[in-house]
There are 2 protein chains.
Amino acid sequence: MSLLLAAMPGNEAKGRLLAERVGAETAALTMRRFPDGESYIRLDSECADRDVILFATLERPGAMILQLLFLADLVRELGARRVVLVAPYLAYMRQDKRFQPGEAVTSRSFARLLSDRIDVLVTVDPHLHRYHQLKELYAACTRVVHAAPLLAEWIAKNVAQPLLVGPDEESAQWVAMVAREAGAPYIVLEKTRHGDRDVTVSVPDVHRWAELQPVLLDDIISTARTMIETTQHLVAAGLQGPVCVGVHAIFANHALAELQAAGVRSVVTTNTITHPTNMIDISNLLADSVLEVLA
Amino acid sequence: MSLLLAAMPGNEAKGRLLAERVGAETAALTMRRFPDGESYIRLDSECADRDVILFATLERPGAMILQLLFLADLVRELGARRVVLVAPYLAYMRQDKRFQPGEAVTSRSFARLLSDRIDVLVTVDPHLHRYHQLKELYAACTRVVHAAPLLAEWIAKNVAQPLLVGPDEESAQWVAMVAREAGAPYIVLEKTRHGDRDVTVSVPDVHRWAELQPVLLDDIISTARTMIETTQHLVAAGLQGPVCVGVHAIFANHALAELQAAGVRSVVTTNTITHPTNMIDISNLLADSVLEVLA
């Protein structure tokens, strides 16, 4: 097997790491913009009859989606055997049905754009709600890397007496799994809805946990609204400020500063999206998945 | 025939004008971004069994291409009879073959992205070189609006004793046509290549034209390099500073200031791309074409 890996602009360093780990040649890719904003792309590496990995994490995908689609077309035209997209963060997993009449189902459109051009998609913990598996959305062959074991390992190593906290029922199963692997107890906050805007949140058995270090878990930290509110509930209930652990470090606008101001002890993420809070490296898991899916 | 027109953000005013002229209902389109940069799109207008016009000029397409593709998918899903893209300026007409090995043929990829989602494309003077017709590139039905009659009309009305000037052989046929319609003489500059970087440009029969007002024509003014150099050649040959007339007002970076500094008399464009130099309105021609192609 002769692998080639082409990293999109901004993804070169991580792309090189993954290339080393899966034994791929790093592609000689030229990508620049003309003065009018259009893109020029050239690949000076042999693609014929090789599996070609395109490496691009997809937060804020609008800025680079055209280049990625052009590159996928290019490697196909140059004779690639399989076109593999490794996207540690996958965008447009939010709008997965028409909640209101007339809404664009952007998850489906985005999946089609990619699936029309790639054979295999490898990503880390996609934000799956209504769709329970990525393959319900993507026609391409998909492989999901689960960060949970790495989160559990990091917590077990770095937090004394942790109490894992899920912000809501939806997170319960995932938090339970991380807690089991970390050998720690966990709770899930209970929401009681009295009306459209009247929701009370309570911490179950709060007195049992007063000595423990809460560890708040979520898959994506974007506006950090959920983590900020959950932190407020924990502190109001008499628990310590939590350690916040997220998989994908989007951090829209001032989210990190607001989260820090809410009284958290620290904020920790994986490096699916490059960010100062990255403490957990997913490269090895990603490499294993790529090698498995291509085997 | 019941037409609906949805204008992309930034195209609302021109979209409304076109809607009035073709008798289309203006769509109630909501398009906004989530804090993480992803787009939300909702169309509160009936699409079922109607022809739906998407109106978007495509300079710097990277910034909005995802939204446009999502919107095209949406109107299709909502039951549109035909999806018609009216793009007064069409992007990615530059790289229409692989000049060097390994280059992405972005014209073809971009055409495929659109053709997979639309039935009809209406545009103004696409920058066609190797491809002589848009249909060689676009699987969708295409209709090209030619701005030449409007340029000729503007010149005849606004320039006394015009001499039309084509910057190179490639432009000769087009300039000749505009000149004929404007009832004016024309010349095409002659380039003599002595080596890779040694090119002399001469103005034919320069003494015949000294009293006339040169009018420089080009389809796209992007960096304005061609117009600036041609202006310098005209002035060096003893002609007056030219009136510059372009179809598409891209004006990358400081192109307009540089062009003005080169000694031109004025700069005039059509409104395919909104710009302070817009003096020639293409709305009526655009409306006629839309009505013809949908008839």
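Contact here means heavy atoms within 4.5 Å. With that in hand, the two domains of chain A are a good place to start in this predicted model. The assignment splits chain A into domain 1, made of 3-146 + 282-294, and domain 2, which covers 148-271. Their C-alpha centres sit 30 Å apart. Where the two domains of chain A meet, 12 residues of domain 1 are in contact with 12 residues of domain 2. Together the two domains bury about 1,200 Å², and 57% of that lies on carbon and sulfur atoms. Three residues, A:Tyr89, A:Asp125 and A:Ile282, supply 43% of the area that domain 1 of chain A buries against domain 2, more than any other three residues.

What about polar links across this boundary? The rule finds 0 salt bridges between domain 1 and domain 2 of chain A, but there are 6 residue pairs in polar contact. On the domain 1 side of chain A, the residues that touch domain 2 come out as 5 nonpolar, 4 polar and 3 charged.

Next come the strands of chain A. An open sheet of 6 strands runs in the order β2-β1-β5-β6-β7-β8, with parallel pairing. Its edges are β2 (25-26) and β8 (141-145) of chain A, each of which pairs on one side only. Further in, β6 (residues 82-87) and β7 (residues 120-124) of chain A line up in the parallel sense over 4 bridges. As part of β7(A), A:Thr123 is the bridge partner of A:Ala87.

Chain A also has an antiparallel pair: β3 (residues 29-33) joins β4(A) over 5 bridges. There, A:Arg32 has A:Tyr40 of β4(A) as its bridge partner. The hairpin of β3(A) and β4(A) has 5 residues between the strands, and A:Gly37 takes a positive phi near 95° in this hairpin.

That hairpin leads on to the meeting of the two chains, where 48 residues of chain A are in contact with 48 residues of chain B. Chain A and chain B bury about 4,100 Å² between them, 52% of it on carbon and sulfur atoms. How many salt bridges are counted between chain A and chain B? The count is 8, out of 30 over all chains. Side chains of opposite charge can pair when their charged atoms come close. One salt bridge brings the side chains of A:Arg94 and B:Asp36 together at 2.7 Å, N to O. Another links the side chains of A:Glu77 and B:Arg108, at 3.0 Å, N to O. This second pair crosses between chains, going from helix α2 of chain A, home of A:Glu77, to helix α3 (residues 106-115) of chain B, home of B:Arg108.

Polar contacts between chain A and chain B add up to 24 residue pairs. Which parts of chain A supply at least two residues each to the side that touches chain B? Among them are β4 (39-43), α2 (65-77) and α3 (106-115) of chain A. Of the elements of chain A, α2(A) gives the most to this side, with 7 residues. Sorted by type, the residues of chain A that touch chain B are 23 nonpolar, 11 polar and 14 charged.

Definitions and conventions. Residues numbered from 1 in each chain as written. Chains lettered and ligands numbered in written order. Predicted model: local features only at pLDDT ≥ 70, side-chain atom pairs only at ≥ 80, totals over all residues. Heavy atoms only, no water. Domains from an automatic or database assignment. Buried area = accessible area lost by both parts, 1.4 Å probe. Salt bridge = Lys/Arg side-chain N within 4 Å of Asp/Glu carboxyl O. Polar contact = N/O pair within 3.5 Å; in protein donor to acceptor, adjacent residues only side chain to side chain. Nonpolar A, V, L, I, M, F, W, Y, C, P; charged D, E, K, R; others polar. Pairing = 2+ DSSP bridges.
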